[in-house]
Amino acid sequence: SLGVDKSDGNKCKPCSDNCEDCSSDANVCAICEDEFGKSTNEDGTVVTCVKCMDNCNLCQEDHSRCDQCNPGFGKLPNSNPPNYGCSPCSDTNCASCPNNYQVCNSCKEGYGVKDGHCEKCNIENCATCPGNSNACEKCMRGYGKHNGQCELCQKENCVECYDDYETCEACVEGYGRADDLGLNFCAPCAV
């Protein structure tokens with residue numbers, strides 16, 4: 001990207017490294033590239049774009065302040081000032097803890113979030129049980145809900161029946177869903 005160099009007779013010159021937009025002044029970066037943030041001098045002028053801190057993928061306004069951590073990492077809320085770092089999610093079964101490394105938003109398969117932590121689902125073959133480890137929201141692949149449990153898909157050659165163990169959503173390779181007369185089954189694909 002190019003910007004106008006006001007200190008050099010308004011000539012166009014390239015933006016500094018890792019700067020995405022310096023159109024109004026080639027010596028002042030308005031927007032840094034992804035994974036880079038602004039670095040300013042004492043008078044507040046943006047001098048360069050510097051790589052965000054480790055495990056941080058968004059720090060647009062200030063390279064030393066993380067706006068968004070990498071997946072599996074969360075902000076350090078008690079740092080001084082806050083959000084000046086990223087740490088791995090404290091719960092080993094946590095998949096996402098973006099705002100605070102100690103508070104989980106989503107868990108790995110087989111676990112559900114309860115009070116910001118991951119608890120193992122109490123229902124066998126349950127993939128997610130958010131908020132209540134005794135209630136399954138989604139069964140694992142090949143299983144569907146039935147009477148509050150996760151049961152093997154009932155239709156032959158069915159691999160996905162998440163909401164109802166008798167209703168096939170996807171078939172094994174070489175088969176397709178056939179909904180003739182509302183029977184919902186997997187039929188071999190025509191050659």
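This is a short dialogue on reading the overall form and the charge pairs of a predicted model.

Q: Let's start simple. How many helices and strands are in the protein?

A: The protein has 22 strands and zero helices.

Q: What radius of gyration does the protein have, set against a compact globule of 191 residues?

A: A compact globule of that many residues would come out near 16 Å, but the protein has 26 Å. You can also look at the box around the C-alpha atoms: along the principal axes, they fill roughly 75 × 50 × 20 Å.

Q: And how many of the 191 residues count as buried?

A: That's 35% of them. Seen from outside, the accessible surface comes to about 11300 Å², and carbon and sulfur atoms make up 46% of that.

Q: What percentage of contacts between residues at least 6 apart in sequence join residues at least 24 apart?

A: It's 13% in the protein.

Q: Now charges. How many positive and negative side chains are there?

A: There are 15 positive and 31 negative ones, and the centres of the two sets lie 2 Å apart.

Q: Which side chains can pair?

A: The general idea is that side chains of opposite charge can pair when their charged atoms come close. In this structure, a search of the whole model finds three salt bridges.

Q: Which residue forms a salt bridge with Lys51?

A: Glu35 does, with the closest N and O atoms 3.0 Å apart. Lys51 sits in strand 6 (residues 46-51), while Glu35 is in the loop between strand 4 (31-32) and strand 5 (36-40), so this pair links distant parts of the chain, 16 residues apart. Both ends are partly exposed: Lys51 has 46% relative accessibility, and Glu35 has 37%.

Q: Take Lys38 next. Is Lys38 buried or exposed?

A: Lys38 is buried, because its relative accessible area is 11% and the cut-off for buried is under 20%. Its salt-bridge partner is Glu61, with the closest N and O atoms 3.3 Å apart. Here strand 5, which holds Lys38, is linked to the loop between strand 7 (56-58) and strand 8 (68-69), where you'll find Glu61, 23 residues apart. Glu61 is exposed, at 55%.

Q: Where do Glu160 and Arg141 lie?

A: Glu160 is in strand 19 (residues 158-160) and Arg141 is in the loop between strand 16 (138-139) and strand 17 (143-146), so the pair ties together parts 19 residues apart in sequence. The closest N and O atoms in this salt bridge are 3.2 Å apart. Glu160 counts as buried at 19% relative accessibility, whereas Arg141 counts as exposed at 53%.

Conventions: Residues numbered from 1 in each chain as written. Predicted model: local features only at pLDDT ≥ 70, side-chain atom pairs only at ≥ 80, totals over all residues. Heavy atoms only, no water. Helix = DSSP H or I, 4+ residues; strand = E, 2+ residues; numbered from the N terminus. Rg over C-alpha atoms; globule rule 2.2 N^0.38 Å. Buried < 20%, exposed > 50% of the residue type's maximum accessible area, 1.4 Å probe, protein only. Contact = heavy atoms within 4.5 Å. Areas by Shrake-Rupley, 256 points an atom, 1.4 Å probe, with all protein chains shown as cover. Lys, Arg positive; Asp, Glu negative; His and termini not counted. Charge placed at Lys NZ, Arg CZ, Asp CG, Glu CD. Salt bridge = Lys/Arg side-chain N within 4 Å of Asp/Glu carboxyl O.
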